[in-house]
Amino acid sequence: IARKSRNGRQTRTAHIVVLPYPGQGHINPLLQFAKSLASKGVKATIATTRYTVKSIHAAGVAVEGISDGFDQGGFTQAQDEDAYLKSFKENGTRTLSQLVHKYQETSFPITCIIYDSFFPWALDVARKHGILGASFFTNSAVVCAIFCHIHNGTLALPVNVEDEEPLVLAGLPPLKACDVPGFIKEPESYPAYLAMKLSQFSNLDKADFVFCNSFQELEGKVPKLVGPMVPSYYLDGRIEGDKGYGASLWKPLNDHCAKWLATRPPKSVAYISFGSMVKLTSKQTEEIAYALMRGNTHFLWVVRDSERHKLPSQFLEATEHRGLIVSWCNQLEVLANGAVGCFVTHCGWNSTVEGLSLGVPMVAIPQWSDQMTDAKFIEEVWGLGVRCREDEFGVVRSEEVLFCLKEVLEGEKCEVIRRNARKWRVLAIRAVGEGGSSDKCINEFVTNLKIFKH
Ligand code: UDP
């Protein structure tokens with residue numbers, strides 16, 4: 001942990017304020033990190049948008065509202081991502097600063113702001129108040145490394161990568177065209193997202209600490225461009241009574257899922273989820289639905305209400321004896337259920353590490369951004385599953401879904417994949433367990449917080 005200056009001698013109760021980007025895939029890992037710190041005697045407060053305050057209920061972590069400028073509806077009210085980020089920076093700087101100020105005269109002044117790496121401006125707030133600033137990356141170390149190369153100028157945009165001429169970067173396996181984030185091949189396709197990804201590095205060298213939501217044994221060979229690694233997702237008994245993150249932007253149907261899963265044989269169910277943001281095309285939704293209709297696999301599929309109209313009309317009736325569709329669930333609880341035999345995933349980084357740390361084999365159907373890179377590692381580097389191949393129109397056809405489901409649930413590769421899944425689960429447990437690589441990082445961080453003198 002790169003502690004730079006201002007070490008004092010006095011030991012006191014440290015108080016961290018954690019600032020996530022207000023999406024499910026960002027709130028979850030930052031909240032989990034806050035909970036781990038709270039379990040080690042640090043006072044933890046999560047600062048989230050007023051719109052998301054009511055969605056967070058985590059034991060041991062206080063919740064405070066700040067403003068992104070859209071207090072009634074969040075980013076859906078902004079004109080576009082660019083406008084949203086500008087508004088968040090302006091209003092967030094002001095209201096986060098007020099929050100820090102509010103605590104300064106209490107017996108728990110804030111020691112450190114742990115900010116989502118998407119919000120580098122939070123370091124300026126920390127500096128203004130003379131407290132520590134820590135950047136937290138929610139992507140894999142590999143993906144961070146790719147964007148860091150672009151920021152540093154060691155990789156030029158657009159990145160031209162062909163299957164015959166893969167992208168070769170130090171410490172990473174060669175990456176083919178389908179393995180790299182789309183943003184870097186076509187920078188003009190998502191300019192605001194690309195700018196946000198690159199802004200993560202704008203003042204990183206000035207941060208007091210840098211965390212990455214990963215662990216040494218998983219990505220330790222990736223050059224340390226973004227600091228030490230701390231996983232913050234792991235469920236099993238690490239924090240007593242912890243059965244999930246404690247944040248949900250949608251209402252989870254947990255009892256319904258648990259009851260349904262209890263009626264299924266062990267390792268028989270395909271749990272299918274594309275996370276909180278992906279909107280599959282109607283064609284892609286239909287192909288997955290046809291695969292489930294034609295096969296005999298039991299499945300639990302999370303289809304958000306806004307996506308439900310894309311299901312073929314005869315689908316629900318045709319599969320009701322084998323399948324359950326829910327609008328949202330507690331994914332950690334589902335993945336930890338013994339009836340689940342595989343995870344059909346879009347390979348968001350949280351879903352990837354959750355599947356990995358709960359030892360669930362995966363069928364990867366990545367859609368965009370870092371998911372392409374995560375899918376490559378799931379299949380080829382960690383041997384945790386298989387990746388569905390797209391046809392020439394960029395669609396994963398039902399035959400391919402059926403084939404991959406079979407491979408992971410009962411095919412030739414099934415035993416090898418299950419063995420790898422067990423291995424990674426053990427390594428994840430060790431990393432966060434007492435004396436493990438991540439536990440040591442967290443302890444070192446806590447020590448630094450406790451000796452910090454205002
Ligand atoms: N998730 C959940 N219930 C669901 C689907 C997803 O709790 O029904 C959680 C999941 O556990 C993960 C997060 O939502 O922590 C999604 O993050 P990820 O990085 O996988 O994908 P994103 O939504 O950012 O694309």
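pLDDT is the predictor's confidence in each residue, from 0 to 100. This is a predicted model, where local features need pLDDT of at least 70, side-chain atom pairs count only at pLDDT 80 or more, and totals for chains, interfaces and linings use all residues. Numbering starts from 1 along each chain as its sequence is written.

**Exercise 1. Find out how confident the predictor is, and where confidence drops.**

Step 1: start with the chain as a whole. Its mean pLDDT is 92, and 95% of the residues reach 70 or more.

Step 2: look for the weak spot. Over residues 1-5 pLDDT stays under 50, and the model has 12 contacts beyond four places in sequence for them. Here, two residues are in contact if their C-beta atoms, placed from the backbone, lie within 7 Å.

Step 3: check the scores for the complex. The predictor gives an ipTM of 0.99 and a pTM of 0.95.

**Exercise 2. Describe the overall fold of the chain in numbers.**

Step 1: count the elements. There are 16 helices and 12 strands, with helices (H or I, at least four residues) and strands (E, at least two) taken as DSSP runs, numbered from the N terminus.

Step 2: compare the radius of gyration with the globule rule. The chain comes out at 22 Å, close to the 22 Å that the rule gives for 454 residues, so it is as compact as a globular protein of that length. For the record, the radius is taken over C-alpha atoms, and the rule is 2.2 Å times the number of residues to the power 0.38.

Step 3: add the box and the contacts. Along the principal axes, the C-alpha atoms fill roughly 65 × 50 × 45 Å. Among contacts with a separation of 6 or more, 67% are between residues 24 or more positions apart.

**Exercise 3. Work out what the largest nonpolar core is made of.**

Step 1: settle burial. A residue is buried if 20 or more other C-beta atoms lie within 10 Å of its own, exposed if 12 or fewer, and partly exposed in between, with C-beta atoms placed from the backbone. By that count, 48% of the 454 residues are buried.

Step 2: size up the core, which is a set of buried Ala, Val, Leu, Ile, Met, Phe, Trp, Tyr and Cys residues joined through C-beta atoms within 7 Å. The largest one has 135 residues, and those with the most contacts inside it include Ile16, Val18, Ile113 and Val363. Helix H4 (residues 141-152) gives the most to this core, eight residues.

Step 3: zoom in on one member. Beyond four places in sequence, Ile113 touches Val17, Leu19, Ala122, Val125, Ala126, Ile131 and Gly133.

**Exercise 4. Map the shell around the ligand and follow its main contributor.**

Step 1: list the shell, using the rule that a residue is near a molecule if its C-beta atom, placed from the backbone, lies within 6 Å of it. The ligand is surrounded by 20 residues, the closest being Gly25, Gly275, Gln331, Gly348 and Ser351.

Step 2: assign elements. Helices H1 (24-38), H11 (331-335) and H12 (349-357) each give two or more residues, and H12 has the largest share, with four.

Step 3: sort by chemistry. The split is seven nonpolar, 12 polar and one charged; Ala, Val, Leu, Ile, Met, Phe, Trp, Tyr, Cys and Pro count as nonpolar, Asp, Glu, Lys and Arg as charged, and the others, Gly among them, as polar.

Step 4: look at H12 itself. Nine of its nine residues are buried, including Trp349 and Glu354. Just after the helix, Gly359 takes a positive phi of about 70 degrees.

**Exercise 5. Track down the unusual backbone geometry.**

Step 1: recall the background. Most residues other than glycine have a negative phi, and most peptide bonds are trans.

Step 2: spot the cis bond. It joins Leu157 and Pro158, with omega about -10 degrees, and Pro158 lies in the loop between H4 and helix H5 (182-185).

Step 3: take the positive phi values. Lys267 has about 55 degrees and sits in the loop between helix H8 (254-262) and strand S7 (269-273). Ser369 is near 55 degrees, in the loop between strand S11 (362-364) and helix H13 (371-381).

Step 4: classify both. Lys267 is partly exposed because it has 16 other C-beta atoms within 10 Å. Ser369 has 23, so it is buried.
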